Amino acid sequence: MEKLVIEGGERLRGTVGISGAKNAVLPVLAATLLQQGVYEIGNVPHLKDVITMINVLGLLGAKSTWVDEHRLKVDTTGAEGFEAPYDLVKEMRASVLVLGALAGGRKRAVVSYPGGCAIGERPINLHLKGLSLLGCEVGMHEGYVDVRAENLCGAKVHFEKSTVGGTENILMAAVLAKGETVIENAAMEPEVVDLGEMLQAMGARIEGLGTPVIFIRGVEGLTPCNHDVIPDRIEAGTFLVAGGLTRGNIAIENANPSHLTAVIEKLREAGMEISEENGVLHASMSRKRPAAFDIRTLPYPGFPTDMQAQVMTMMSIATGASVVTETIFENRMMHAAELRRLGADVMVVGKQAIVRGVKALQGAKVMATDLRASACLILAGLCAYGTTEVSRIYHIDRGYEAIEKKLGQLGAKIERKKDEGVAP
Ligand code: UD1
């Protein structure tokens with residue numbers, strides 16, 4: 001086990017580069033199962049979740065090799081597997097994204113049903129309902145979802161709740177279905193658009209990406225393609241917060257500011273100066289403490305739930321009280337208790353947290369409970385007095401590429417060390 005040890009109080013300065021988006025690369029990799037052949041995927045981040053997806057693809061018969069540091073060649077020639085086992089799906093619930101690709105490409109998918117996770121129950125009922133509407137026979141046996149998709153045909157799929165993974169799975173299944181599919185209340189997240197653009201490059205006929213209604217006209221076959229993954233908006237947002245919290249002055253390269261509108265708006269409300277010049281984001285904070293602000297997490301283009309924990313850290317040292325309303329996941333406030341260990345004044349009532357800003361946080365030993373909670377605690381360590389030790393950082397390695405190196409480049413005092421004291 002490893003931990004991150006942070007000496008707080010350094011103002012961050014300098015330039016940091018953003019990696020490819022975790023939530024975009026996972027469905028993009030899954031999509032290589034739609035059509036056998038050779039793909040080259042660029043801007044692939046080195047993350048634990050990416051390795052898990054490569055392993056899932058490997059079990060399904062694909063061979064993946066790194067062409068250069070961030071370019072992955074995926075060869076699905078002759079790959080005929082259709083079963084994603086429990087051991088891998090339990091490690092990463094996004095493995096469930098192979099469902100749609102296998103249904104479309106192999107006409108059969110047997111995928112372990114993902115369990116709940118640290119932030120909520122996260123069922124996949126809407127994915128399965130959508131697949132049934134497309135003519136799939138969906139069964140369950142011994143914890144596995146078994147999808148038979150011999151008669152895949154277009155249909156209207158109306159999602160009662162906006163779902164990123166659900167939209168991605170239906171998109172992948174529908175591109176090879178007979179006839180037209182309409183997805184209503186589709187997720188508009190940039191990662192869904194990125195997947196859709198890859199599918200278009202493969203010859204899929206899709207309209208309406210990035211809007212709540214997506215039209216897909218099924219085609220007979222697809223062609224493998226090369227695709228570059230979009231930058232990670234959550235990583236970029238996390239660095240923006242780091243710059244603000246430490247009263248720093250940083251430049252963020254290779255981000256897409258248009259994907260960050262809701263986050264930037266809130267950080268400006270907190271007092272940050274954020275501007276864009278030639279594609280580079282410049283972020284600084286001249287106020288001593290941030291101003292209080294409220295957020296309500298919503299599907300894109302609303303404020304992302306994946307940035308909720310990080311901004312809670314900023315609220316915890318604000319001049320006044322802020323309110324967080326989490327509308328996406330039912331249990332995404334676990335970081336509040338750990339933040340309290342650093343002196344934050346956070347009261348959680350159901351899906352809301354009231355954060356009364358304190359003058360400063362004090363370093364302490366804390367434990368990460370999930371990916372974005374780890375980011376929140378690292379951010380807290382950066383602005384706290386004294387030493388903060390964040391244990392269970394395997395969560396952070398799932399979704400942030402080389403976070404301590406990137407923060408170190410900006411002047412943070414942060415080190416990865418062995419953690420003897422914590423059992424997994
Ligand atoms: C994706 C992201 C995750 C992000 C989330 C919301 C990936 C790999 N992960 O997760 O980082 O936090 O979007 O932006 O892209 N729901 C159902 N039934 C379903 C599907 C979803 O009830 O069949 C619910 C979920 O429990 C949740 C809400 O819908 O409450 C949104 O979930 P969804 O958009 O599907 O999230 P993921 O795709 O799992």
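# Note on helix packing, enclosed spaces and two backbone features

1. Helix 1 and helix 7 run roughly parallel to each other. The model is a predicted one, and this helix pair is a convenient place to start reading it. Helix 1 covers residues 22-31 and helix 7 covers residues 190-201. Their axes lie 8 Å apart and pack at an angle of about 30°. Angles under 35 degrees count as roughly parallel, so the pair falls in that class. The crossing of the two helices is right-handed.

2. The residues behind this packing can be named on both sides. Helix 1 contributes Asn23, Ala24, Pro27, Val28 and Ala31 to the contact. Across from them, helix 7 brings Glu191, Asp194, Leu195, Met198 and Leu199. Sorted by class, the contact of helix 1 with helix 7 holds 7 nonpolar, 1 polar and 2 charged residues.

3. A second helix pair is formed by helix 11 (residues 334-341) and helix 12. The axes of helix 11 and helix 12 come within 10 Å and cross at roughly 20°. Helix 11 and helix 12 are therefore also roughly parallel to each other, and their crossing is right-handed. In helix 11, the contact residues are His335, Glu338 and Leu339; in helix 12, they are Ala373, Cys376, Leu377 and Ala380. By class, this contact has 5 nonpolar, 1 polar and 1 charged residues.

4. How many cavities of 30 Å³ or more does a search of the whole structure find? The search finds 2. The largest cavity has about 50 Å³ of space. Thr238, Phe239, Ala242, Ala375, Ile378, Leu379, Ile403 and Leu407 line the largest cavity. Helix 8 (233-245), helix 12 (371-383) and helix 14 (403-409) are the elements that give two or more residues to this lining. The lining of the largest cavity has 7 nonpolar residues, 1 polar residue and no charged ones.

5. The second largest cavity holds about 30 Å³ of space. Its lining is made of Thr305, Gln308, Ala309, Arg332, His335, Asp370, Arg372 and Ala373. Helix 10 (308-316) and helix 12 each supply at least two of these residues. By class, the lining of the second largest cavity divides into 2 nonpolar, 3 polar and 3 charged residues. Two of the names recur from point 3: His335 and Ala373 line this cavity and also take part in the contact of helix 11 with helix 12.

6. Among the pockets, the second largest has about 400 Å³ of space. Of the 17 residues lining this pocket, Leu245, Arg247, Lys288, Cys383 and Tyr385 are the closest to its centre. The lining of the second largest pocket divides into 9 nonpolar, 2 polar and 6 charged residues.

7. Two backbone features deserve a look in the loops. Most residues other than glycine have a negative phi, and most peptide bonds are trans. Which form does the peptide bond from Tyr300 to Pro301 take, cis or trans? This bond is cis, with omega near 10°. Pro301 sits in the loop between strand 18 (295-296) and helix 10.

8. The other feature is at Asn43, where phi is near 60°, a positive value in a residue other than glycine. Asn43 belongs to the loop between strand 3 (38-42) and helix 2 (48-59).

Methods
Residues are numbered from 1 along each chain as its sequence is written. This is a predicted model: local features need pLDDT of at least 70, side-chain atom pairs count only at pLDDT 80 or more; totals for chains, interfaces and linings use all residues. Side-chain values use heavy atoms; hydrogens and water are left out. Axes are lines fitted to C-alpha atoms, for helices over the stretch in contact, and angles run from 0 to 180 degrees between N-to-C directions. Helices (H or I, at least four residues) and strands (E, at least two) are DSSP runs, numbered from the N terminus. Angles under 35 degrees count as roughly parallel, over 145 as roughly antiparallel, 65 to 115 as roughly perpendicular and the rest as oblique. A crossing is left-handed if the near helix is turned anticlockwise from the far one by less than a right angle, and right-handed if clockwise. Contact means heavy atoms within 4.5 Å. Ala, Val, Leu, Ile, Met, Phe, Trp, Tyr, Cys and Pro count as nonpolar, Asp, Glu, Lys and Arg as charged, and the others, Gly among them, as polar. On a 1 Å grid over the protein atoms alone, a cavity is a set of points where a 1.4 Å probe fits but cannot get out, and a pocket is an open set with protein on both sides within 12 Å along at least five of seven lines; lining residues have an atom within 4 Å of a point. Grid points are joined across faces, edges and corners, and a volume is the space filled by probe spheres set on the points.
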